[in-house]
Amino acid sequence: MKRLLWGTAAILLLSPSCSNSEKQEIIQVPFNEVTITGGFWQCRMNSELETTVPFSLKHCDAAIKRFEQCADFLSGSSTELPETHRFISSDLYKVIEGAAYSLMLKDDPETESLIDSFAVLAAKVQRPDGYLYINHICGNPNPDEMGDKPYSWVVHSHELYNVGHLYEAAVAYYQATGKTNLLDIAVKNARHVNKVFFEGDPNYNGGKPVNQAPGHEEIELALCKLYKVTGDTLYLDMAKKFLDIRGVTYRPEGEGVMSPEYAQQHAPVALQREVAGHSVRAGYLYTAMAQVDALTGRSDYAEALNSIWDNLVSTRMHITGGLGAVRSVEGFGAKYELPNKEAYDETCAAVANVFFNEGMFLASGDARFLDIAELSIFNNALAGINLAGDRFFYVNPLEADGQWGFNHGKTGRAEWFGCACCPPNISRMILQTPGYMYAYTDDAIYLTLYGSSRTAITLDCGKVELNQTSDYPFSGEVTVDVNPGAGSRFSLKLRIPTWADGTGNFIPGGLYTFRNRAGEPVRIKVNGKNVRYRIVDGFAVIDRYWDAGDRVELSIPMPVRYVAADSRIEADRNATAVTIGPLVYCAEECDNADRVQNLAINTEGWGTTCMSTISGGPLDGVRKVICPGSRDITMIPYYAWDNREDSQSMTVWVKNLPDTTRTEKDLERFSPNSPSLKGMICL
């Protein structure tokens, strides 16, 4: 058959076509429809299934006990009241959500039975009208934290935050098992919330609609999930109502946690233009705004979100994707206020950053949002859990001094936390990661996060099977076997990250730029032959007629890159960060036989760096790099630090060597023929 060459690839004019010129909805391929087949993510999934999920379930005893005590109290079989606690139930719900995701990957009757038992318990505790908040149900609230009656202190009670996480857990368990036991509880509560907050219920608030947004956002994005799984537009309408009344019907007055900015209540959300306040709350809010826009097909929040996002990535985000640098408010400070040793960068905030940017991509189709999601996943978020899957970080500073407990220099990773929001949050994110790999429209397939995996996607022109092989993020070599059920034309869109696009920026926003040259360009082959491609919104677009067995080979160079921060970031002046692909590296004391604060890097030494893969031990398979400077500086990915020894120093930003001229000694030491570097790749 005759084919006409046009643009980037061969197209058959009379082929079955998915072509549609109108803007189309971008649909994410659900994580349970993507199979991880090897590489980086298979290791992380295995640790989740084998260690993290069962480990987390064992730490839910206190939260489950509160439900048992409440049920016994309500039945009259006991007078013992449950512990007064605002949010411990939300931690339990997040663990259940993660456990539900694990059931989609591996059958586990014991875990399923545990969740079923909890559903029975929760149904006993839930009021007939749907209300579900243990301490108000049992009549022993702390009025200062929860109000003296239901929904009387919405700004800080966490009543809606808790049930939001219940909705997410219920949706996940329904998707995993088809069971509606938790979903029925969630639906009953959501309808109750709608009545109390937006219609009026004689049993609450004197019968008047509460009409107030919660202090801690979460229910908004959870309602979007409830809508997607039930198809009931009530829940999407509720999500939008909660967004639209924020900063309108109620604004706190005060300082700290009662400042109007703390919970993003200082202005209507559609009029907000900069990030503000508590970073986790902000991330959940922005996620919901992006999701509501995407699900409604409207752009009510687009102007606000784009301005907020620009402000975030260009003035208030750490190079690791960390959000909320300021300890005192667990949130955002002034522009360029990005300390290292004192950085907060809560793990939950990094997870929220992933959710936010995934939502922004689905609403726009722009790959720059995926660049930030990827940055947060591979750096700040994954740093929050050790490689074994059973120790955690709550905060993620970019420097540890080996002395101060806050930045883990003395304490190391924790087994669990009294406020245990972070462990189940990072766990549920990892288990959802396969769902960040592919998306599609009627006539196009997006590859959004690379890694060995397979999936099948149904376009207008038929079913297409994809089999991807890659050692990403340690390698930029990606192979995709494309198998449509019948030959057909559609677009394959391959994400080209900002760090590989030749602009000189590590990420969008211009806050972090490369000191050294870009190196080789990105190359794409189809069936062994180089093809030209066009870049649209950060994707290399290959629009062609595809046959079963077609193979696409994407090569994204991953040299060692030296990065400088914007000079307005005081903490990073006269210092350099090292990156390879999407990974940010750090120097750890156990590799350098000295406090890393004593090290200095040769900023012109990027041409004499060496890389190798670690064999054995906790970091088996991780790529390390050695850089020249005041001494040979060994660096590992930031996500992998504190997996070997506690009570040590670490830094992402290494101070610059005053004299940056490479000496003959440097060149000799970093020669590929040097005995000390045998087996390493020197650049």
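Patches are made of residues with over 30% relative accessible area and no salt bridge, with like charges joined within 9 Å.

**View 1. A negative patch lies on the surface of this predicted model.** Here you can find Asp61, Glu68, Asp72 and Glu80, which together form the patch. Start with Asp61, a residue of helix 2 (residues 61-75). Asp61 has a relative accessible area of 55%, and because exposed means over 50%, Asp61 counts as exposed.

**View 2. Seven strands make up an open sheet.** Follow the strands in the order 4-8-9-10-17-13-14, and you will see antiparallel pairing. Strand 4 (34-36) and strand 14 (529-530) stand at the edges, and each has a single partner strand, so one side of each lacks a neighbour in the sheet.

**View 3. Strands 9 and 10 pair within that sheet.** Seven bridges link strand 9 (residues 462-470) with strand 10 (residues 477-484) in the antiparallel sense. To pick out a bridge, look for Asn467, whose partner in strand 10 is Asp481.

**View 4. Strand 23 is largely enclosed by the rest of the structure.** Five of the five residues of strand 23 (residues 633-637) are buried, which is why the strand is described as largely enclosed. Strand 20 (residues 583-588) pairs with strand 23 in the antiparallel sense over three bridges, and here Cys586 has Ile636 as its bridge partner.

**View 5. A hairpin leads from strand 22 to strand 23.** Five residues make the connection. Strand 22 (residues 623-627) and strand 23 run antiparallel, joined by three bridges. Val625 is a good place to look: its bridge partner in strand 23 is Met635.

Definitions and conventions. Residues are numbered from 1 along each chain as its sequence is written. This is a predicted model: local features need pLDDT of at least 70, side-chain atom pairs count only at pLDDT 80 or more; totals for chains, interfaces and linings use all residues. Side-chain values use heavy atoms; hydrogens and water are left out. Two strands pair if DSSP finds at least two bridges between them. Helices (H or I, at least four residues) and strands (E, at least two) are DSSP runs, numbered from the N terminus. Patches are made of residues with over 30% relative accessible area and no salt bridge: like charges are joined within 9 Å, nonpolar side chains (Val, Leu, Ile, Met, Phe, Trp, Tyr) within 5 Å. Accessible areas come from the Shrake-Rupley method with a 1.4 Å probe; for residues, only the protein chains shown count as cover. A salt bridge is a side-chain nitrogen of Lys or Arg within 4 Å of a carboxyl oxygen of Asp or Glu. Lys and Arg count as positive and Asp and Glu as negative; His and the chain ends are not counted. The place of a charge is taken as NZ of Lys, CZ of Arg, CG of Asp or CD of Glu. Buried means under 20% relative accessible area, exposed over 50%, partly exposed in between (1.4 Å probe, protein chains only).
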